[in-house]
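User: I'm new to this one and would like to see how its labels are earned. Can you take me through a few?

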Amino acid sequence: MSAIRRCGAALAAAAAAGGVGLTVAALVVAGPLPPGWRLDPPLVPDHAAGLMFPLAGAYLVARRPRLVIGWLMLVGGLLCAVNVFCSAQLSAYASAGGMDAAGWFRIIGTVAWALGGSTLAVLLPLFSPDGRLPSHRWRPVLVFTVAVTLVEAARTAVRPTPSAAGYPFPQIIPNPIALEALAPYNHTIQAITKIGTMAAVVCALLALGLRFAHGDATIRRQIAWPLATFAGYVAFLLAGEDFWLPGSLWTGLVPVAMAFSVLRYRLYGIETVVSRAVVATGLVVVVSAVYFGVAALAGMLVTGYDAVAGPVAALVTGALFRPVLTRLRRLMDLLLYGRHGDPRELARRLVSEIGASDPRGALAAVTTSVREALGVTGVAVDLGEAGTAEAGETGPAPRRVPLIWHGEPVGRMLLGPPGPRRFAAAYNERLVAAVTPYVADVAHAVIMAADLERSRERILTAREEERRRLRRDLHDGLGQALAGMAMSITLARASLRGSPESADRLLGELRTGMDTVSQEIRELVYGLRPPSLDDLGLAGAVRALAAETGLAATVTAEDLPSGLPAAVEVAAYRIVQEALTNVRKHAGASAAAVGLRHCERRRALVVTVGDDGGGLPTGLRPGVGFSSMRERAAELGGTCSITSPPAGGTLVTAVLPLPGADAAETEGPHRRGDRR
């Protein structure tokens, strides 16, 4: 098998070299031809086909020797090269008087033209891209094409002597095997075969289009560019000889697109190459039209054409260059990637969706928009404990894009493989870079909303637990004690006259029970609101609390307003209490400093508790005490941060907003830094 493959590759290489050599030789021979015998037009699509199709066909045969379209490209391109070479030799021999040789070159060239044209224009599209017909229903088209091609090849081979009127050369080139009896029917047969060939070409294009419309994602990506380039070739073919130059140049794109589609879709970034080629071509056409149009207009309206028209045309062209280039690029982006492939359009859409919904809804909408814009099978945004938003299926090996919000990782975005769209922009870095900041913003908002929801849940849970504790204490403790006291009073009354000693003993027990109940009531009241707040005020209560710790604790109160809300006083007292407890148990400190300050700018009460201990240990996980302080502050809409200052120790800073305070002004330094 390897020997057969090597023989096939060698044969393909020889055919490719022959095709390129014949085409180059044709150009060399046609260059010095005398007037009258020069080829008109000088270039035809067969020149481009003779150069490009053999090379692309040999490349495909070397990589995929069993693929039919590689051999079709090779044979068709070689036949086109034979045609242009024979055409050049025909003119060369005829101009030198060798009419007999010129006649044989004409026969060989026209037969090669008929066979090569049908091979490349009909058979190749029919068998693209997998080397098989779209279905058995296309076999009649194949048979019809072969029949029309053979009839046209036979007609050109035995062509009768044409009329001198309208003949392209100074002398009629004789046909050595002319069938003069065919003269009355020659033009009719030629017209029929021409119409039949055009119909077959259109059918081949239709077959390629139907493959694209009904194929899966892989087939569509393979067919997209061959379909576009072949459609352009058919358009130039139907337009006629007046478009010989663009038709010749365009023909060279067809084999390149087909080779890329067979071996690998988007190989070497083909969509980028084509985009730039189309933009450059359009720019040249528009700029040239503007330049020559302005120059001609200036020449007609202004005297001294040479002195004025050129500069005016150059100025107008220079002014239009940048706008034309920008519009052409936008048009190509629209054609390649769709409306949402434009980063600016995508950014506008994301901003609109982010502002139209809550964080969770915005994340789902943004994920869907990103999937549509990138043209991938699926997009997922993974936020860890905050959840995941998905649109489509990302597959087993998605691309991972980190989401960074102001230097802080907030999650990751998972991109699936390209979807069934023509040109999925999944790995277009412009679009990925454009969408990532918006997704990161929404991800951060979702995380913050989730944190707030969990904090509210903890606050509600703590409140209900506190109510349950109070109910249990009142029912099981105070209620039982009061019931026992009532019973003791009844017994004492019953025994007061008959047994005073018993009554006295019962009353003594009643007194002890009343003391116990009073203590329990004091504990319940203290749990709800420390009595020292009502007796001493916030500053006095905190000083008394600091004195109970046994630490060298100083308390500073600055500009505290009178009549602080009860909730603020209780929260400040409990935060100081918890902070001093942590200092005494865990900080290893010898002194502590408590600060109570009214911040007019923030309209908030700022509470600070610092110590000279060892600071926060590395890798510390917040416990119940830290969470309790933060939750008490969050319940009032404030913040509480626990940090280790550069000077050492630990610093607790709580910012508790007062009534009427603006939420933006009452946020602590930590959250204000986050918001920036």
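**How the labels are earned**

Analyst: Let's start with helix 2 (residues 45-63): its 19 residues reach 26 Å from the first C-alpha to the last, close to the 27 Å expected at 1.5 Å a residue. Keep in mind that this is a predicted model.

User: What makes 27 Å the expected value for helix 2?

Analyst: The expected span is 1.5 Å times one less than the number of residues, and helix 2 has 19 residues, so 27 Å is the value to set against its 26 Å. Helix 2 also has a kink of about 25° at Met 52, shortly before the proline Pro 54. Its buried residues include Phe 53, Pro 54 and Leu 60.

User: Why is Asn 582 called buried?

Analyst: Buried means under 20% relative accessible area, and Asn 582 has 17%, so the label fits. Asn 582 lies in helix 17 (residues 566-587). Leaving aside neighbours within four places in sequence, Asn 582 is in contact with Ala 587, Phe 626 and Met 629.

User: How do you know that strand 3 and strand 4 pair?

Analyst: Pairing takes at least two bridges, and seven join strand 3 to strand 4 (residues 408-415), so they count as paired. These two strands run antiparallel. One of the bridges links Arg 399 with Leu 415 in strand 4.

User: Which strands are the edges of the sheet, and what makes them edges?

Analyst: The open sheet has four strands in the order 2-1-4-3. Strand 2 (388-392) and strand 3 (399-405) are the edges, as each pairs on one side only. Helix 13 (residues 359-374) packs on this sheet, touching strand 1 (378-382), strand 2 and strand 4.

Definitions and conventions
Residues numbered from 1 in each chain as written. Predicted model: local features only at pLDDT ≥ 70, side-chain atom pairs only at ≥ 80, totals over all residues. Heavy atoms only, no water. Contact = heavy atoms within 4.5 Å. Axes fitted to C-alpha atoms, helices over the stretch in contact; angles between N-to-C directions. Bend = angle between axes of the 7 residues up to and from the residue. Buried < 20%, exposed > 50% of the residue type's maximum accessible area, 1.4 Å probe, protein only.
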